[in-house]
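Here is a short report on one protein chain. It goes from single residues to contacts and helix packing.

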Amino acid sequence: MTGYYNTLMLEEQEELSDAIQLLQSQTYVLEKKYDKRNSRYHLNKAYRVCEKHLDFIKEYFKIARVDVIENTQYGIIGLKSSVVQGEKFSKLTSVFVLLLKLLFDEKMGEASNSIHIYVTLQEVYEKIQLFHVWENKSISPTDLKRTLAVLKRYQVIEVLDPMAEVTPETKLIIYPTIHMVLNPEDVAAILEQYGTEEEEENE
């Protein structure tokens with residue numbers, strides 16, 4: 001494995017090291033990212049580096065029993081471990097992931113020619129009310145900002161408006177990473193969890 005790394009030029013070695021560190025810190029790397037400064041999507045250099053050296057990266061993480069997965073349809077390279085799957089999401093973050101996935105799927109059906117999905121926080125709040133997953137509870141600004149920051153870190157969303165002024169009109173981009181963060185088993189587990197909690201609160 002080190003033999004391959006040593007054949008690379010110094011600049012390539014540095015790019016590869018940076019890409020590996022990025023994967024470790026945020027779990028997923030997207031092919032296209034939204035640039036708020038230019039208000040448009042741009043190709044992510046780190047994705048190209050991961051794609052180019054994918055076999056080496058797979059061998060690198062294999063030592064730690066971590067799988068490197070590539071979804072070419074959505075342009076995502078990420079990590080998946082049977083031992084540890086990132087940090088444990090808070091209850092609020094888990095609810096947001098579930099509802100963002102529902103919104104992503106709905107809007108994909110409306111605009112099948114695009115994987116770039118835009119929503120507002122108000123749309124998330126409406127889903128919360130519809131599915132009663134945060135019944136009789138208020139969401140503090142601190143918890144909300146923490147949830148958005150975690151989802152941004154894991155490349156699930158991009159917050160288009162200033163985080164200091166989060167309102168129901170705050171716009172979000174939902175990245176297709178949402179499909180890799182949450183699978184059908186996770187959805188069932190979240191719904192069961194909140195169903196159990198609702199029963200306990202009503203007793």
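Is K152 buried, partly exposed or exposed? K152 is partly exposed, at a relative accessible area of 32%. That value falls between the cut-offs, under 20% for buried and over 50% for exposed, so the middle class applies. Note that the model is predicted.

## K152 and its partners

K152 sits in helix α7. The side chain of K152 forms a salt bridge with E158. The closest N and O atoms of this pair are 3.4 Å apart. The two ends differ in exposure class: E158 is buried, with a relative accessible area of 4%, whereas K152 counts as partly exposed at 32%. For E158 the reasoning is short: 4% relative accessible area is under the 20% cut-off, so the label is buried.

K152 also has a spatial neighbour from further along the chain. I173 is 21 residues from K152 in sequence. Their C-alpha atoms are 9.8 Å apart in space.

## A pair inside helix α7

Helix α7 covers residues 141-153. Within α7, D143 and R146 are joined by a salt bridge, at 3.0 Å from N to O. The spacing is three residues, about one turn of the helix.

Both partners are partly exposed. D143 has a relative accessible area of 36%. R146 comes in at 48%. The upper cut-off matters for R146: exposed requires over 50%, so 48% stays in the middle class.

## Salt bridges and the E31 network

How many salt bridges does the count come to? The total is 11. In general, side chains of opposite charge can pair when their charged atoms come close.

One of these links is between R48 and E31, with the closest N and O atoms 2.9 Å apart. This pair links distant parts of the chain, 17 residues apart. R48 belongs to helix α3 (residues 45-52). E31 lies in the loop between β1 (28-30) and β2 (32-35). R48 is partly exposed, with a relative accessibility of 34%. The pair is part of a wider arrangement: E31, R48 and E51 are linked in a network of salt bridges.

## Helices α2 and α4

Two packed helices are described by the angle between their axes and the distance between the axes. For α2 (residues 10-26) and α4, the axes come within 12 Å. They cross at roughly 50°.

Which class does that angle fall in? Roughly parallel needs an angle under 35 degrees, and roughly perpendicular starts at 65. The α2 and α4 axes are therefore oblique to each other. The crossing in which α2 passes α4 is right-handed.

## A nonpolar surface patch

Helix α4 spans residues 54-62 and contains Y60. Y60 is partly exposed, at a relative accessible area of 34%. Which residues form a nonpolar patch with Y60 on the surface? They are M1 and I63. Together the three residues have about 310 Å² of accessible area.

## Positive phi in two loops

Two loop residues deserve a look at their backbone angles. H132 has a phi near 55°, a positive value in a residue other than glycine. H132 is placed in the loop between α6 (121-131) and α7. With 46% relative accessibility, H132 counts as partly exposed.

Q155 is not a glycine either, yet has a positive phi of about 65°. Q155 lies in the loop between α7 and β7 (157-159). Is Q155 buried or exposed? Q155 is buried, with a relative accessible area of 5%.

## Contacts across the sequence

P168 is in the loop between β7 and β8 (171-174). Its relative accessible area is 30%, and P168 is partly exposed. P168 and V124 are 44 residues apart along the chain. Their C-alpha atoms are separated by 8.8 Å.

I69 is part of strand β4 (residues 66-71). At 28% relative accessibility, I69 is partly exposed. The partner here is L54, 15 residues from I69 in sequence. From C-alpha to C-alpha, I69 and L54 are 9.4 Å apart.

How values were computed. Residues numbered from 1 in each chain as written. Predicted model: local features only at pLDDT ≥ 70, side-chain atom pairs only at ≥ 80, totals over all residues. Heavy atoms only, no water. Patch = residues over 30% accessible without salt bridge, like charges linked within 9 Å, V, L, I, M, F, W, Y side chains within 5 Å. Areas by Shrake-Rupley, 256 points an atom, 1.4 Å probe, with all protein chains shown as cover. Salt bridge = Lys/Arg side-chain N within 4 Å of Asp/Glu carboxyl O. Helix = DSSP H or I, 4+ residues; strand = E, 2+ residues; numbered from the N terminus. Buried < 20%, exposed > 50% of the residue type's maximum accessible area, 1.4 Å probe, protein only. Axes fitted to C-alpha atoms, helices over the stretch in contact; angles between N-to-C directions. Parallel < 35°, antiparallel > 145°, perpendicular 65-115°, else oblique. Left-handed = near helix turned anticlockwise from the far one by under 90°.
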